[in-house]
Amino acid sequence: MKNVFIALIAIIFVSCNSEAQTEKEKKDMNEKQYAVEKTEAEWKAELTPEEYRILRQKGTEYPGTGKYNLHFEDGAYTCKGCGTKLFESGQKFESSCGWPSFDDAIEGTVEYIQDYTHGMVRTEILCANCGGHLGHVFDDGPTETGKRYCVNSASINFEKDGE
């Protein structure tokens with residue numbers, strides 16, 4: 001019983017420390033200046049409630065529900081918050097994870113932040129131009145980059161080649 005109690009205390013301690021780091025990082029991110037700066041009222045006026053929840057509050061969409069999950073046309077994927085071109089269609093692949101997946105981002109367009117939420121250690125990806133939350137990147141991709149950028153459809157738009 002004593003060991004169970006000690007294990008429980010350890011889990012609570014780790015959870016509290018993880019959450020404290022997350023809150024500090026959120027504070028630091030809120031203080032960072034981006035090329036595109038808008039008030040929360042402006043973001044809410046420009047985005048749907050779901051887009052706002054994902055891009056500005058670091059939410060995620062349910063797997064398999066995003067409109068770009070199984071989308072494979074030629075073109076580019078842009079940030080829904082500011083229009084920055086983030087991914088080329090040639091970087092997209094079918095990962096069967098339920099979210100649009102890319103093996104790389106256009107250089108300089110994505111920012112990488114350590115994410116300690118939900119008891120995990122992950123790398124969050126943000127638009128480097130507006131700070132919008134895009135998703136996470138993992139080191140389990142099937143291509144030569146070894147990366148899988150797991151992106152929320154609600155955080156991106158698509159521009160077809162030639163349009």
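Start by selecting Phe-93: with a relative accessibility of 12%, Phe-93 counts as buried. Keep in mind as you click around that this is a predicted model.

**Stop 1: around Phe-93**

Phe-93 belongs to strand 3, which covers residues 92-93. Now show what surrounds this side chain. Setting aside residues up to four places away in sequence, Phe-93 touches Phe-72, Ser-101, Phe-102, Asp-103, Pro-142, Lys-147 and Arg-148. Pick Phe-72 from that group and draw a distance between the C-alpha atoms: Phe-72 and Phe-93 are 21 residues apart along the chain, and their C-alpha atoms are separated by 8.3 Å.

**Stop 2: zoom out**

Switch to a cartoon view of the protein chain. How many helices and strands does the secondary structure come to? You should find three helices and nine strands. Follow the chain from the N terminus and you'll meet the elements in the order α-α-α-β-β-β-β-β-β-β-β-β.

Try a surface next. The protein chain exposes about 9,500 Å², and carbon and sulfur atoms supply 55% of that. Of the 163 residues in the protein chain, 41% are buried. The contacts also reach across the sequence: among those between residues at least 6 apart, 54% join residues at least 24 apart.

**Stop 3: the three-stranded sheet**

Select strand 1 (75-79), strand 2 (85-88) and strand 9 (156-160). These make an open sheet with the order 2-1-9 and antiparallel pairing. Which strands are at the edges? Strand 2 and strand 9, since each pairs on one side only. Tilt the view a little and look at how the strands are turned: neighbours in this sheet are at 30 degrees to each other on average, ignoring direction.

Strand 1 and strand 9 run antiparallel and are joined by five bridges. For one residue pair to click on, take Thr-78, whose bridge partner in strand 9 is Asn-157.

**Stop 4: the strand 5 and strand 6 hairpin**

Move on to strand 5 (residues 110-115), which is joined to strand 6 by six bridges, with the two running antiparallel. Click Glu-111 and look across: Leu-126 in strand 6 stands opposite. Between the two strands of this hairpin are six residues, and His-118 takes a positive phi near 60 degrees.

**Stop 5: the nonpolar core**

Select Tyr-77, Leu-86, Phe-87, Val-110, Ile-125, Tyr-149 and Val-151. The largest nonpolar core has 21 residues, and these seven touch the most other members. Helix 3, strand 1, strand 2, strand 6, strand 7 (133-138), strand 8 (148-151) and strand 9 each give two or more residues to this core. There's a broader pattern to remember here: in soluble globular proteins, nonpolar side chains tend to be buried together.

Centre on Ile-125 and show its contacts. Leaving out neighbours within four places in sequence, the contacts of Ile-125 include Val-110, Tyr-149 and Val-151, which you have just selected as core members. Also among the contacts of Ile-125 are Glu-111, Tyr-112, His-133, Leu-134 and Cys-150.

**Stop 6: a few salt bridges**

Ten salt bridges turn up in a search of the whole structure. Let's visit three.

- Glu-50 and Arg-53: their side chains meet in a salt bridge, at 3.1 Å from N to O. Why are the two about one helical turn apart? Because Glu-50 and Arg-53 lie three residues apart in helix 3 (residues 49-55). Glu-50 is partly exposed, at 35% relative accessibility, and Arg-53 is partly exposed too, at 30%.
- Lys-80 and Glu-51: the closest N and O atoms of this salt bridge are 3.1 Å apart. The pair links distant parts of the chain, with Lys-80 in the loop between strand 1 and strand 2, and Glu-51 in helix 3, 29 residues apart. Are these two buried or exposed? Lys-80 is buried, with a relative accessible area of 18%, and Glu-51 counts as buried at 13%.
- Glu-124 and Lys-58: this salt bridge spans 2.8 Å from N to O. Here the partners are 66 residues apart, Glu-124 in strand 6 (residues 122-127) and Lys-58 in the loop between helix 3 and strand 1. Colour both by accessibility: Glu-124 is buried at 5%, whereas Lys-58 is partly exposed at 32%.

Definitions and conventions
Residues are numbered from 1 along each chain as its sequence is written. This is a predicted model: local features need pLDDT of at least 70, side-chain atom pairs count only at pLDDT 80 or more; totals for chains, interfaces and linings use all residues. Side-chain values use heavy atoms; hydrogens and water are left out. A salt bridge is a side-chain nitrogen of Lys or Arg within 4 Å of a carboxyl oxygen of Asp or Glu. Helices (H or I, at least four residues) and strands (E, at least two) are DSSP runs, numbered from the N terminus. Buried means under 20% relative accessible area, exposed over 50%, partly exposed in between (1.4 Å probe, protein chains only). Contact means heavy atoms within 4.5 Å. Accessible areas come from the Shrake-Rupley method with a 1.4 Å probe; for residues, only the protein chains shown count as cover. A nonpolar core is a set of buried Ala, Val, Leu, Ile, Met, Phe, Trp, Tyr and Cys residues joined through side-chain atoms within 4.5 Å. Two strands pair if DSSP finds at least two bridges between them. Axes are lines fitted to C-alpha atoms, for helices over the stretch in contact, and angles run from 0 to 180 degrees between N-to-C directions.
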